[in-house]
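This briefing is for a reader who is meeting the structure for the first time. Please look over the sequence and the 3D view before reading on.

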Amino acid sequence: MLPLLVIVALLSFGSALVLPWRVSLLPAAHVHLALAMGAMPLIFGAMLHFIPVLTRSGAPAKVLAFLPLAALGAGGMAVYAFVRGDLLSPWLHAAAGLGLVAASFLAAWEMKRGRAMLGDPHPCLHWYVAALACLALALLAVAAMPLWPAERLALKRFHLHLNLLGFIGLTALGTVQVLLPTAAGRFDPKAALRLRRGLPWALAGVVLTAAGAAWWPPLAWLGLASWAGALFPLGRDWLVVYRKELFAWHGAVPSLGLAVLGFGLALAAGAVSSAGAAHLFVLGFLFPLATGAAGQLLPLWLRPGRQTEWHEGVRARLTRWAGARGLLFLAAGLVVLCGGREGFLFAVAGLLHFAVAAAGAVANRACTQ
Ligand code: HEM
């Protein structure tokens, strides 16, 4: 399931980048192609993969695979409505409803796994539940749009901030703090405490930024300050523990580190230009994050179980030049932020570089069954 979701995400990201050059669609169509059809199902799949690791429990029941598929269906319906250019389409409400049901099921399952554990679950689990709560609230905002037409623009801003900073941001920042030490091969002694202390800051940052962008801008500045309370300790600790790995050309670590830097820059840029910041968020944060994480995890997803030389070899190929690729993505986001459309070409080049390596890994798996 996960390799399939990675492929769907890569195709969605790629088409969302290329389509604006060929056809004229509502911006929401490309945005939802990349984020609702590409990122949302992948995040659901990744959570299903990580929760058993975080709670030291067994693999999820096979039937739960319907959750990423439901998310894909919801994303598909939203894209369909936007491609038709209909912002009042009933498909949008059906999509919001389906997404809400899937998010609620997933959050309930995560909490159940956490409660069933002996002792406290890993604090990353709380980041995932908070992320799904943000997604649910964002989808409720979509449902409220026709009921509260005078507030449509405010609700759209509320929806987009809750989704980008809350659903994607909290999932990503929780996950990288578990994934980066694994990729570096060295334990992070402060990760659990930092995750526990950082969540209230990050969640307050999401809510204040979203409510501020929607209704009262000064709140967004408070939100930014609150985010700093979560991001500074992370940056400081990583620079102490993983400095050598972060400043490398190869491996997943530099890509994941650059993703966190891209997230911080996109947050800061959001205070100045919301359109440019959204592009920086996608190109400078999501792309290095998704390719770095997939570079680390794809070998495991292709061949679950004991780690062998095969996994090491495939991982090394997937993350070769990942530091340079991450810099290319970040540069792409900054160029687009400054108004240069050629930034999109940098991002396409980076994605192609990863896609070729990923296709090689899948072919290698098929040949060595
Ligand atoms: C699948 C259920 C979803 C539905 C039904 C939905 C619906 C909507 C609607 C109605 C808008 C306002 C469009 C406009 O007025 O131009 C919007 C905007 C937006 N949504 Fe969603 N959305 C969904 C999922 C997501 C997800 C999962 C994300 C990100 C992770 C997301 C990110 C955004 C962004 C960034 C915008 C602003 C787009 C722009 O400025 O044109 N949405 N969404």
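The points below cover the metal site, the salt bridges and a surface patch.

The model is predicted. Its ligand holds an iron atom with two protein donors, His32 and His159. A search of the whole structure finds 5 salt bridges, and some of them share partners, joining Asp188, Arg194, Arg236 and Asp237 into one network.

**Iron site**

- On the protein side, the iron atom of the ligand is bound by the NE2 atoms of His32 and His159, which lie 2.0 to 2.1 Å from it.
- His32 belongs to helix α2 (residues 27-54) and His159 to helix α6 (residues 152-184), so the two donors tie together parts that are 127 residues apart in sequence.
- The arrangement around the iron atom of the ligand is octahedral because its 6 donor atoms subtend angles of 88 to 180 degrees.
- Both histidines, His32 and His159, are buried.

**Salt bridges around Arg194**

- Arg194 pairs with Asp188 in a salt bridge whose closest N and O atoms are 2.8 Å apart.
- Asp188 and Arg194 are both buried.
- Arg194 also forms a salt bridge with Asp237, at 2.8 Å from N to O.
- This second pair links distant parts of the chain, with Arg194 in helix α7 (residues 191-214) and Asp237 in helix α8 (residues 218-241), 43 residues apart.
- Like Arg194, Asp237 is buried.

**Salt bridge within helix α12**

- Glu312 and Arg315 form a salt bridge, and their closest N and O atoms are 3.3 Å apart.
- The two residues sit 3 residues apart in helix α12 (residues 309-318), which means that about one helical turn separates Glu312 from Arg315.
- Glu312 has a relative accessibility of 48%, so it counts as partly exposed.
- Arg315 is buried because its relative accessible area is 12%, and buried means under 20%.
- Asp188, Arg194, Arg236 and Asp237, by contrast with a single pair, are joined into one network by salt bridges that share partners.

**Nonpolar surface patch**

- Trp21, Leu328, Leu345 and Phe346 form a nonpolar patch on the surface.
- Together these four residues, Trp21, Leu328, Leu345 and Phe346, have about 360 Å² of accessible area.
- Phe346 is part of helix α14 (residues 343-367).
- Phe346 counts as partly exposed because its relative accessibility is 31%.

Key. Residues are numbered from 1 along each chain as its sequence is written. This is a predicted model: local features need pLDDT of at least 70, side-chain atom pairs count only at pLDDT 80 or more; totals for chains, interfaces and linings use all residues. Side-chain values use heavy atoms; hydrogens and water are left out. Patches are made of residues with over 30% relative accessible area and no salt bridge: like charges are joined within 9 Å, nonpolar side chains (Val, Leu, Ile, Met, Phe, Trp, Tyr) within 5 Å. Accessible areas come from the Shrake-Rupley method with a 1.4 Å probe; for residues, only the protein chains shown count as cover. A salt bridge is a side-chain nitrogen of Lys or Arg within 4 Å of a carboxyl oxygen of Asp or Glu. Helices (H or I, at least four residues) and strands (E, at least two) are DSSP runs, numbered from the N terminus. Buried means under 20% relative accessible area, exposed over 50%, partly exposed in between (1.4 Å probe, protein chains only). Donors are N, O and S atoms within 2.8 Å of the metal (3.2 Å for Na, K and Ca); water is not among the atoms, so sites may look incomplete. Four donors count as tetrahedral if all angles lie between 85 and 135 degrees; four count as square planar and six as octahedral if opposite donors are over 155 degrees apart and all others between 65 and 115; anything else is irregular.
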